[in-house]
Amino acid sequence: MVAATPVLPILIVCGLVLVDLAGGSGVTWVPLLATGPALAAATGGPRGVLCVGLLSAVLGVSLGLRGGAADSELAVALASLLVITAACAATSALRIRREQVLAAVRSVAEAAQHALLQPIPATVGPFQVAVRYSAAAAEARIGGDLYALVSTPHGVRLIVGDVRGKGLPAVSTAALVVGVFREAAHDEPDLLDVVARIERSLARNLGSDDFVTAVVAGYPRDGQLEVVNCGHAPPLLVRDSVVVAVEPDRPAPPLGLRSLSGEAPALHVLPFTGGDQLLLYTDGVTEARNHDREFYPLAEGLARHTCDEPVDTVTALHGELQDHVGGRLHDDAALLLLRMPAMAGAPATAEPAGAGRVESCSP
C-alpha cells in the first residue's frame with residue numbers, strides 16, 4: 001500500500017547519502033543513517049523498518065567502500081546500524097500491538113457509552129433536543145457524567161447528573177442512576193417519587209462518601225415544566241433573549257446524602273412555552289478554566305450562541321469551551337439543551353419563580 005510506504009525515512013537516508021557524496025567523507029555520515037529506521041519505527045510497521053534499515057546498510061557499505069574506510073571501522077558502523085534497525089523493528093511491533101489494544105478498548109468503551117448514555121433523537125415529544133458529552137479521559141470516551149431523556153405516559157422526563165469521583169466506580173454509579181431513572185420515569189406519576197426511587201437505590205449501593213448531584217425534570221402537561229434539583233448546578237432558561245438561572249426554591253442535598261441531612265428536594269414548577277429553551281449541564285463546563293485560571297462563563301456564552309437550532313447552539317458552546325481551556329478538558333462535561341418550538345405554545349409572560357437574572361442579550 002502506498003500509504004504504508006516509509007517515504008520520509010527513505011528521503012532522509014537518501015539526503016544523508018547525498019551529503020556524504022558531496023563531502024567525500026567516507027564513513028562519517030554512516031551512523032546517522034540509523035535516523036531512517038528510527039523514524040520508520042515511529043510511523044510504520046516492522047516490515048517498513050527492516051526495509052529502511054536494509055537500504056541504510058547497503059548504502060552505508062557503499063559509502064564506506066567508496067571512501068576507502070578501514071574494514072574494522074566500517075564493520076563497527078554497519079553493526080551499529082543493524083542493531084539499531086532490529087531494536088526499531090521490535091519497538092514498531094510493540095507500538096502497533098498497543099495501538100490495536102487501545103483501539104479494542106475504545107471500541108468497548110464506545111459500546112458501553114451507547115448502552116449507558118443512549119443517543120437522544122433530535123425531537124422528543126414536543127421538544128427539539130441537542131446533547132454534547134465529552135469525557136476527560138479521551139481514550140476511554142466515557143466518564144462519570146450522565147444524562148437520559150425518555151418519553152413516558154407521564155410526559156417527557158430527563159435527568160442530567162454528575163457522579164462524585166472518576167474511573168470505573170463513577171461509571172458504575174452513573175449506570176445505576178440512569179437505569180433506575182428509566183424504570184422509575186415510566187412507573188411513577190409524580191416526579192418527586194422518581195427522585196425518591198433513585199435515592200433509595202443509591203442508599204443501598206453507594207458508600208458513605210459517595211453521592212450524585214442531579215437535576216431531574218419533567219413536562220407533564222402543556223406549558224409547565226417541573227424541575228427537581230438535588231445539589232446540582234442550576235439549569236439556564238432562555239426566554240425572550242434573556243438567560244436566567246433556575247434556582248431551586250429550597251436547596252436539597254445530592255442524591256445519596258438525604259439520610260445525612262434529612263432534607264427532601266422540592267418540586268419547582270415553571271412555565272415553559274413556545275420559544276423557551278432550557279440548558280442543563282455538569283460542572284465540567286462551568287468549572288473549566290483557561291490559562292489565567294478563569295472559569296468559563298456559560299451564561300454569557302449561551303446568550304451569544306442561542307439560536308432556533310439546539311444542535312447549533314450546543315456545538316458552538318462546546319467549541320467555545322474547548323477554546324477556553326486550550327483544547328483539552330480536565331473534567332467530564334455534558335450539555336443538554338431543550339427547546340420548545342415557537343408554534344408549540346403561547347409566548348411566556350413571566351420569569352420562573354426563584355430564578356435570578358444572569359445575562360441578557362439583544363433580541
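**Helices, sheet and selected residues of a predicted model**

Reader: Which residue follows helix 10, and what is its phi near?

Author: The model is predicted. Helix 10 is followed by Gly 326. The phi of Gly 326 is positive, near 85°.

Reader: How far apart are the end C-alpha atoms of helix 10, and what span should its residues give?

Author: Helix 10 covers residues 310–325, which is 16 residues. At 1.5 Å a residue, the helix should span 22 Å. The model agrees with this, since the end C-alpha atoms of helix 10 are apart by 23 Å.

Reader: Within what arc do the buried residues of helix 10 fall, seen down its axis?

Author: The buried residues of helix 10 are Pro 310, Thr 313, Val 314, Leu 317, His 318, Leu 321, His 324 and Val 325. In an α-helix there are 3.6 residues a turn, so residues three or four places apart point the same way. The buried residues of helix 10 therefore line one face of the helix, within an arc of 125°.

Reader: What covers the buried residues of helix 10?

Author: The cover includes both helices and strands. Among the helices are helix 8 (283–286) and helix 9 (298–305). Among the strands are strand 2 (127–134), strand 10 (277–281) and strand 11 (333–339).

Reader: Which strands are the edge strands of the five-stranded open sheet?

Author: The order of strands in this sheet is 3-4-5-6-9, with antiparallel pairing. An edge strand here pairs on one side only. That holds for strand 3 (145–152) and strand 9 (268–271).

Reader: By what angle are neighbouring strands of the sheet turned against each other on average?

Author: The sheet is open, with five strands paired in the antiparallel sense. With direction ignored, its neighbouring strands are turned against each other by an average of 15°.

Reader: How many bridges join strand 5 to strand 6, and which residue is the bridge partner of Arg 221?

Author: Strand 5 (residues 212–221) pairs with strand 6 (residues 224–230) in the antiparallel sense, over six bridges. The bridge partner of Arg 221 lies in strand 6 and is Gln 224.

Reader: Which helix packs on the sheet, touching strand 3, strand 4 and strand 5?

Author: The helix covers residues 167–187. Its direction makes about 15° with that of strand 3. It is helix 5.

Reader: Which residues of strand 9 are buried?

Author: In a regular strand, side chains alternate between the two faces of the sheet. Strand 9 shows this alternation: Val 269 and Pro 271 point to one face and are not buried. Strand 9 runs antiparallel to strand 6, joined by four bridges, and one of its residues, His 268, is the bridge partner of Val 227. The buried residues, which point to the other face, are His 268 and Leu 270.

Reader: Is Ser 201 buried or exposed, and what is its relative accessible area?

Author: Ser 201 lies in helix 6 (residues 191–205), whose buried residues pack against strand 4, helix 5, strand 5, strand 6 and helix 7 (258–261). Leaving out residues up to four places away in sequence, Ser 201 touches Leu 176 and Val 180. Ser 201 counts as buried because its relative accessible area is under the 20% cut-off. The value is 5%.

Reader: Is Asp 162 buried or exposed, and what is its relative accessibility?

Author: Asp 162 is found in strand 4. Beyond four places in sequence, its contacts include Gly 144, Phe 211, His 232 and Asp 283. Asp 162 is 16 residues from Leu 146 in sequence, and their C-alpha atoms are 6.2 Å apart. Asp 162 counts as buried, at a relative accessibility of 11%.

Reader: Where are Ser 241 and Arg 293, each with a positive phi although not a glycine?

Author: Most residues other than glycine have a negative phi. For Ser 241 the phi is positive, about 65°, and for Arg 293 it is also about 65°. Ser 241 is partly exposed at 25%, whereas Arg 293 is exposed at 55%. Ser 241 is in the loop between strand 7 (236–239) and strand 8 (242–245), and Arg 293 is in the loop between helix 8 and helix 9.

Reader: What percentage of residues 74–96 is helix?

Author: The unreviewed UniProt entry lists "transmembrane region" at several places, including residues 74–96. In the model, the end C-alpha atoms of this stretch are 33 Å apart. Its strand content is 0% and its helix content is 100%.

Conventions: Residues numbered from 1 in each chain as written. Predicted model: local features only at pLDDT ≥ 70, side-chain atom pairs only at ≥ 80, totals over all residues. Heavy atoms only, no water. Helix = DSSP H or I, 4+ residues; strand = E, 2+ residues; numbered from the N terminus. Expected span 1.5 Å × (residues − 1). Buried < 20%, exposed > 50% of the residue type's maximum accessible area, 1.4 Å probe, protein only. Arc of directions from axis to C-beta. Contact = heavy atoms within 4.5 Å. Pairing = 2+ DSSP bridges. Axes fitted to C-alpha atoms, helices over the stretch in contact; angles between N-to-C directions. UniProt positions renumbered as here; feature names shortened; annotations may be inferred.
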